[in-house]
Each structure stands twice: as C-alpha cells, then as structure tokens.
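Reader: I am new to this structure and would like a close look at a single part of it. Could you take me through one stretch of strands and then what lies around it?

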Amino acid sequence: MATSDPSKPALDAVPSDLLPIIRNSGALTDKQFLDVRSKVLSGAYPSDTKALADRLVRDNLLTDYQVRRFLTGKSHGLIVGKYVILDRIGSGSMGRVYKAHHQLMGRVVALKIIAPEIVTNERVVARFQREMRLVGRLDHPNVVRAFDADQSNNVLYIVMEYVAGKSLGQRLKEGVLPPVEAVGYAAQAALGLAHAHSQGIVHRDIKPSNLLVDSAKRLKVLDLGLGVLMEADEHANFATADGVAVGTVDYMSPEQACGREVDGRSDLFSLGCALYHLIAGRQAFPGSTPIERLGERINNRPTPITDHRPDVPASLVHVLDKLMATKPSDRYQTGTEAAEALQNLIRTRKSSPSSKKSEPKPEPISPEPSPTRGLAVAPPLFPSWFPPLARWVEHRPRTTLAALIAILAAWFWVGFGIAWWLKG
Ligand SMILES: Nc1ncnc2c1ncn2[C@@H]1O[C@H](COP(=O)(O)OP(=O)(O)OP(=O)(O)O)[C@@H](O)[C@H]1O
Ligand SMILES: [Mg+2]
C-alpha cells in the first residue's frame, strides 16, 4: 500500500525487506528513496534483497560498504552530522577514517571519528576544539585541509580533504624508497610543517603514515592538530603515569619523549626519523621495547644510516644528522630551513654555462635503492672494519678503554724489550 503523501515514504507493504533499512539509514535522500521504491513497485528494480542491493550499487545510489552493512541488518551509523559515510578507509591509534560525502553539497571528504577512549573528559574536548580553530586556518598545498570539526551524539570528528593516494607508511610496506624520492617527499613535508608552525601548530606525531602522497606525487601532511589528543592527561589511558605519551615512539623527539615542552623543531626531528626509515627500512633508534627505543633517542645517536645503506652520500647523512640532532638548538631551526637543505640535495644544476660556474654542485643522491644491502656504491670513507670498532669503543666506559690501552701499551713494550734483548 502506497502512502497518500508522496513526500513521506511509507514503510508498509514495500516488496523488499531492504527498503526499510535503507530508509532508516538516511543514506538516500527522501526523493532518491521514493524513486527507488516506485521502481521496485513497478518491477523496474528487482524485489529480491540481494539482487536489489547489487542493482543499487551498480546505479551508484549506494556503495558496496553501505550495502554490506544493510545486508547484515544494520541501518544505523552511516550519518555523522551532515555527512553520509560511503566507505571505511582505515583506522589508526586515534580512531577510524571514512570516506564520506556532504548530504547537501555532495563534496567527498575524509572523516575521522576520534576513538571514544581518547575523549575521556571535557578538557580533551576543549583542547581539541582550541586546536581545531587553529587548524581551520591552515591553507597550504602540503597540508591536508581540515574543513570542519564537530561533535555529534558524543562522537568527536574531524572532516578533511580526501586525498586519493597512499601514505608513506603504506609505501614502506612495499619496500624502501629511492633516496631521491624520499628526500623530495621530506622537503615537501618540511614546507607543510613550516606553514603549520607559522600558525602556532606543532604536529607532534610526524611519521610515514601521517604523510599522504597523491597521484601527482604531492605530499600532504595529515593529522595536524590531533597531536594535542596525545598530550599527557591524567585520565588518558594511553599515556604513562609520568606523563609521557606512548603512541608511536619511533619518531618522537628526545624532548617529547621526556614530556618536555615541544616546538616546531621537535617535528623536524620526527621528520628526520621518518626519512631515515623510508630510506633504510629500519628505525633510526632501534630497540626491542618502546621504553628502550625512547631511551635510545634520549641518550644515544641514531645507528649510522650507512650501516643499512652504504650508498647514502655524505651530504644526505649530514642533513639527517642535523634533523635528528639531540638538542633542538643543533637542528634546523625552521621547516623552511630544513626544506631548503633537503631540496639542495636533489636540486639539479641549471644547464646554462654561467650558472654552472657560480652554483655549488650538490652531491647527487642515488636515484634507486641499492639492490642488495651492504653493496657499497659511494667510495667508503673508512675501511669496513672501522665503523663497528668505533661503535664498540663508543659504548664502553672510559675506565675499560683506559685499561685496554694500558694493556696494549704494556704488550708493545714487552715485545719491544724482547726484540731488543734477542738482538743484543
Ligand atoms: N584525508 C585523508 N584522505 C585519504 N586517506 C586518509 C585521510 N586521512 C587518513 N587517511 C587514511 O586512513 C587510514 C587511517 O589513518 P589514521 O590517521 O587513522 O591512521 P594512522 O596514521 O596509521 O595512525 P594514527 O591514528 O596514529 O595517525 C590511513 O590509511 C590513512 O592513509
Ligand atoms: Mg594518521
């Protein structure tokens, strides 16, 4: 039985049990729903549940993701504020990310729903809202734009530009990146960070999975402003009791690891760790537990990248060292400065003969990763036995080294004495 008011779609007497679920979900506008229903009634659309679902996907009225939910009887959860969820993109430590579209404007966006266990109290919400006000001002080609941030049914969410592409975290799963490509991405990230820093925002969670690359190889920094959710909070169950956030520790600066105040230079340290990981396929500060890895960055220098990639040129080693300097004052002081240093590594010399004379020649970076680890492309600075010996010495206490030198000296003098005695 059809309803007498065509603007109010009736639920009764519809020939498919899928229609009430679709209607309740809000995934279709009233007009779209009425259209679908009349097609089902007239026989233009199949009334069999599965066949109808397939047809609606084929006609781009519903997505696979939506239909999968409807077929399991779920009609709720597809509407967040003014947005209709189209697909699930993925999830991370802070929540789930969905592809969605604005009900009225149709704009496709990425919608991140913050996990409820992170939104523990009003202070977290206030901190989030404060940061979102700053994030809303960001407008830079290397930053994922935030369009909206709100709370709906106690769910905190952020609406962002949807970037069709891959994160560098996903790229890493396919293997290490050619240094020249990784450096190019890091330079773009540094420019995006410089913009965020100039607006008073520190990212606090720079890592390969927060660096998205679109189909035109443009890098966009993701999750700006969400770092505040990781800040120590006595009620947050993902922070340790002494106030050190333990989200991802692998890219964290020493000052952040110690729970100290951070500024943009902390993001540059994290960018250095991310760049190292992209090129070496290993962490700069290894360790078997998060605490061990935190300790490493506070007390030690990164494992030399040439241990994993001997082909990395000294100029890149130098830039990495400066990005990952223990003291913020020893690092590049701004994102712009870091971007320039990174760009200089890959900048090709201008072809005109006059510019050839005046411009210093940057040391070129190998465009491809070496096929085998340990294959030396660049002439080594030291013999191969020297770096492990130097590292061994670096990690011994001074007294042990002094004793060792004394024993060696004693052997030398005994040998010298014996030789002199035999000769005499
Ligand atoms: N604006 C966006 N456009 C397209 N894909 C996105 C967007 N934001 C996030 N994603 C993707 O969604 C997935 C989950 O992202 P999310 O940031 O939640 O995870 P993460 O970075 O691995 O962890 P974390 O929560 O610690 O940041 C990732 O695959 C990411 O690339
Ligand atoms: Mg992320």
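Author: Five residues separate β3 from β4 in the hairpin that the two strands form, and G106 in the turn has a positive phi of about 75 degrees. Strands here are DSSP runs of E with at least two residues, helices are runs of H or I with at least four, and both are numbered from the N terminus. This is a predicted model, in which local features need pLDDT of at least 70 and side-chain atom pairs count only at pLDDT 80 or more, while totals for chains, interfaces and linings use all residues. Residues are numbered from 1 along each chain as its sequence is written, and chains are lettered from A and ligands numbered from 1 in the order in which they are written.

Strand β4 (residues 108–114) is antiparallel to β3 and paired with it over seven bridges, where pairing requires that DSSP finds at least two bridges between two strands; within this pair, H101 stands opposite V108 in β4. On the other side of the sequence, β3 (residues 95–102) is also joined to β2 by seven bridges, again in the antiparallel sense, with D87 standing opposite K99 in β3, and three residues lie between β2 and β3 in their hairpin.

Strand β2 also leads to ligand 1, since the largest share of the shell around that ligand, three residues, comes from β2. Of the 19 residues around ligand 1, those that come nearest are G90, G92, V97, A110 and S209, a residue being near if its C-beta atom, placed from the backbone, lies within 6 Å of the molecule.
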